[in-house]
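Me: I am new to this structure and would like a close look at its buried interior. Please take me through that part slowly, and then show me what lies around it.

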Amino acid sequence: MHLYIHIPFCHRVCPYCAFFKHTPGATDMRAFIESLIREAVLRLPSGGYAPETIFIGGGTPSMLSPIYFRRLMEGLRDRAGLDLSRLKEFSIEANPATFNLSKAQLWREMGVTRVSMGVQSFDADLLKLLGREHSPDEAAASVAILREAGIPQVNLDLMFSLPGQTIEQWRDSLARAIELKLDHISAYNLSYEEDTEFYRTYGANANNEEEDVAMFCLADEMLSSAGYRHYEISNYAKEGCVSHHNIAYWTGQDYYGLGPGAFGTIDGIRYENVGDTRAYSLALAGDLKQGGKPMEEAILPAGSQEDLRGDTQARRTELLGLSLRMDTGLPADLIREQDAGFIAALCEEGLAWREAQSGAVCLTLRGRLLVDEIATQLM
Ligand code: SF4
């Protein structure tokens, strides 16, 4: 079992970002934290809940003040029965320069084992273009703070295919990240999503396929040589440092999601909370019933629940797309007899190989470049 908590606040909105987030404005932070705890009381199993992983994402959760972070964790423990005794991993997302040593020490004290930092680039001009508030040196200093606070694992997010980014700039960012001896590096290909400023400025087809491929292959080459395992198409980890929470998503495991705009899937039912922080807090500020309706309905707008139990084809399609992105590959039980010829052809062309013991189909680096096309063929 896994738990995700969404903190939707950012100091300012980056022009490429399509996540559910906003500036705090006049948000009553105390009431917001209370809402999260109340949702946890409502959703988590009564009698105690001991997840294997927790991920606090956003937004920028590192913006939460120490008082509110402590209040949240203590409320989840004392009122919602959150039990950390089985925890393998507890991650929080952070932006450089939004925390200091004492805040990082508090995270560690409250059980955090992994901090994932959105750095995106070590090039000052690109950081400006991305609307980021930190400098390259502040990013490096933030890693040092996390180490000093005793955070066991640090991840850093980088992005390529940024507008005007050269391969040399990408090489420099990768080299700086490697120098920092991080436990995990995520290297994302920027996509220009609708409803973002970048989409409006550069359009949907701003990516240059040739450059994307060159940058993807450069990341694979540099990070693999530096001892990172390329275990998912955008993720690299040192030995023993994969993200268990993300693997839980990619392998279709159940998780609870708390917070405005959060998703969860429990026993084949997927839900999505209302993507409106005010409406979410107002609904949860009330009594356990709102106008005669259970509170849960007030934070789940119509149509925001999907029953996946009977739809084995939809489930297979989703797992297929996710597992092909991982180095452990497409599990044998998702492969149909009719796919045998196509898979044999992939292997012959050097795009895939078959794991001898499990029978899983794993893509080579060249195969990963065609992952979407391959997944479509297998659906
Ligand atoms: S800080 Fe992160 S979540 Fe917030 S707007 Fe920027 S990219 Fe999006």
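Reply: Happy to help: what follows starts with the interior, moves on to the ligand and some buried residues, and ends with a few loops. Please keep in mind that this is a predicted model.

Let's begin with the overall division. The protein is split into domain 1, residues 2-250, and domain 2, residues 312-378. Their C-alpha centres are 29 Å apart. Across the boundary, twelve residues of domain 1 make contact with eleven residues of domain 2.

Now for the interior itself. The largest nonpolar core is made up of 85 residues, and Phe 69 and Trp 107 have the most contacts inside it. Where does this core lie with respect to the two domains? Domain 1 and domain 2 both contribute residues, so the core lies between them.

Trp 107 is a good residue to put at the centre of your view. Leaving out residues up to four places away in sequence, Trp 107 touches Ser 62, Phe 69, Ile 92, Ala 94, Phe 99, Val 112, Val 115, Leu 146 and Ile 151. Phe 69, the other residue with the most contacts inside the core, is thus also one of the residues that Trp 107 touches. A second core is separate and has ten residues, including Cys 17, Leu 162, Leu 190 and Tyr 192.

Cys 17 leads us to the ligand, as it is one of the residues that surround it. The others in that shell are Cys 10, Arg 12, Val 13, Cys 14, Tyr 16, Lys 21, Gly 59, Thr 60, Asn 95 and Arg 132. By type, the shell divides into five nonpolar, three polar and three charged residues. Gly 59 deserves a second look: the peptide bond that joins Gly 58 to Gly 59 is cis, and its omega is near 20 degrees. You will find Gly 59 in the loop between β2 (53-58) and α2 (66-80).

Several residues of the second core turn up again around Ser 161. This serine sits in the loop between β5 (153-160) and α6. With 9% relative accessibility, Ser 161 counts as buried, because buried means under 20%. Setting aside residues up to four places away in sequence, Ser 161 touches Asn 189, Leu 190, Tyr 192, Asn 207, Asp 212 and Met 215. For a sense of scale, the C-alpha atoms of Ser 161 and Ser 91 are separated by 27 Å, with their positions 70 residues apart along the chain.

Helix α10, residues 277-285, shows how buried and exposed residues are arranged on one element. Its buried residues are Thr 277, Tyr 280, Ser 281, Ala 283 and Leu 284. Why can we speak of a side here? These buried residues cover an arc of only 160 degrees around the axis, which places them on the same side of α10. Arg 278, Leu 282 and Ala 285 are exposed, on the face turned away from that buried side. Thr 277 itself has a relative accessible area of 7% and is therefore buried. Beyond its neighbours within four places in sequence, Thr 277 is in contact with Pro 8, Phe 9, Phe 20, His 22, Phe 32 and Pro 260.

A loop residue can be buried too. Asp 339 lies in the loop between α12 (312-323) and α13 (340-348), and at 4% relative accessibility it counts as buried. Apart from residues up to four places away in sequence, Asp 339 touches Arg 316 and Leu 378. Asp 339 and Gln 377 are 38 residues apart in sequence, while their C-alpha atoms are 8.7 Å apart in space.

Finally, here are some loop residues that are exposed. Lys 181, in the loop between α6 (167-179) and β6 (184-189), has a relative accessibility of 63% and counts as exposed. Its phi is positive, about 55 degrees, although Lys 181 is not a glycine. Asp 195 is in the loop between β6 and α7 (197-202) and, at 70% relative accessibility, counts as exposed. Asp 195 also has a positive phi, near 65 degrees, and is a residue other than glycine. Glu 194 is found in the loop between β6 and α7 as well, and is exposed with a relative accessible area of 58%. Glu 194 brings us back to Cys 17: these residues are 177 places apart in sequence, and their C-alpha atoms are 9.6 Å apart in space.

Methods. Residues are numbered from 1 along each chain as its sequence is written. This is a predicted model: local features need pLDDT of at least 70, side-chain atom pairs count only at pLDDT 80 or more; totals for chains, interfaces and linings use all residues. Side-chain values use heavy atoms; hydrogens and water are left out. A nonpolar core is a set of buried Ala, Val, Leu, Ile, Met, Phe, Trp, Tyr and Cys residues joined through side-chain atoms within 4.5 Å. Buried means under 20% relative accessible area, exposed over 50%, partly exposed in between (1.4 Å probe, protein chains only). Domain bounds come from an automatic or database domain assignment. Contact means heavy atoms within 4.5 Å. A residue is near a molecule or strand if one of its heavy atoms lies within 4 Å of it. Ala, Val, Leu, Ile, Met, Phe, Trp, Tyr, Cys and Pro count as nonpolar, Asp, Glu, Lys and Arg as charged, and the others, Gly among them, as polar. Helices (H or I, at least four residues) and strands (E, at least two) are DSSP runs, numbered from the N terminus. The arc is that of the directions from the helix axis to the C-beta atoms.
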